[in-house]
Amino acid sequence: MGVVMSAGLQCFSATGELTVNVTDTLPRLIGSVSTGLNSGSIKVPAFADGRGFAFSMDAGGYYPGEAVNRAQFVVTTAGIDWYFPAGSPRLKSIVIVYGVM
């Protein structure tokens, strides 16, 4: 997965001189995983080049303001590790969405 695809915009003057050059690297979502109520991990080979990212979403099933202990996660070059820190005994599963830049 070493290929980086860029999208861009280049503008040239009437004489052919490059006046604006804008490129952006766009993210590519790979998948998602639900943490359940146990610590765990998932291997993501595409993260090996160090361009992996992840974000979480609540999986639902609780009332706003309720004291819950949501899974926390760490992105590494091998994948994603998640765990439940000490706190409320009521554990809360999350969905982790992950991809590469």
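**Close-up of Ser-88 and its surroundings in the predicted model.** Ser-88 has a relative accessible area of 23% and is therefore classed as partly exposed, since that class lies between the buried limit of under 20% and the exposed limit of over 50%. In this predicted model, the residue is found in the loop that runs between β8 (79-83) and β9 (91-92). When residues up to four places away in sequence are not counted, Ser-88 touches Ala-67, Val-68 and Asn-69. Val-68 is 20 residues away from Ser-88 along the chain, yet the C-alpha atoms of the two are separated by 5.7 Å.

**Close-up of the hairpin formed by β7 and β8.** Strand β7, which comprises residues 72-75, pairs with β8 in the antiparallel sense, and the pairing extends over 4 bridges. The two strands form a hairpin in which 3 residues lie between β7 and β8. Within this view, Gln-72 stands opposite Tyr-83, a residue of β8. The strand β8 shown here is also the one that precedes the loop holding Ser-88, with β9 (91-92) on the other side of that loop.

**Close-up of a nonpolar surface patch made by Leu-9, Val-20 and Val-22.** Together, these three residues make a nonpolar patch of about 220 Å² on the surface of the model. Val-22, one of the contributors to the patch, lies in strand β2, which spans residues 18-25. Its relative accessibility is 38%, and Val-22 therefore counts as partly exposed, a value that also satisfies the requirement of over 30% relative accessible area for residues that make up patches.

Terms used. Residues are numbered from 1 along each chain as its sequence is written. This is a predicted model: local features need pLDDT of at least 70, side-chain atom pairs count only at pLDDT 80 or more; totals for chains, interfaces and linings use all residues. Side-chain values use heavy atoms; hydrogens and water are left out. Buried means under 20% relative accessible area, exposed over 50%, partly exposed in between (1.4 Å probe, protein chains only). Contact means heavy atoms within 4.5 Å. Patches are made of residues with over 30% relative accessible area and no salt bridge: like charges are joined within 9 Å, nonpolar side chains (Val, Leu, Ile, Met, Phe, Trp, Tyr) within 5 Å. Accessible areas come from the Shrake-Rupley method with a 1.4 Å probe; for residues, only the protein chains shown count as cover. A salt bridge is a side-chain nitrogen of Lys or Arg within 4 Å of a carboxyl oxygen of Asp or Glu. Two strands pair if DSSP finds at least two bridges between them.
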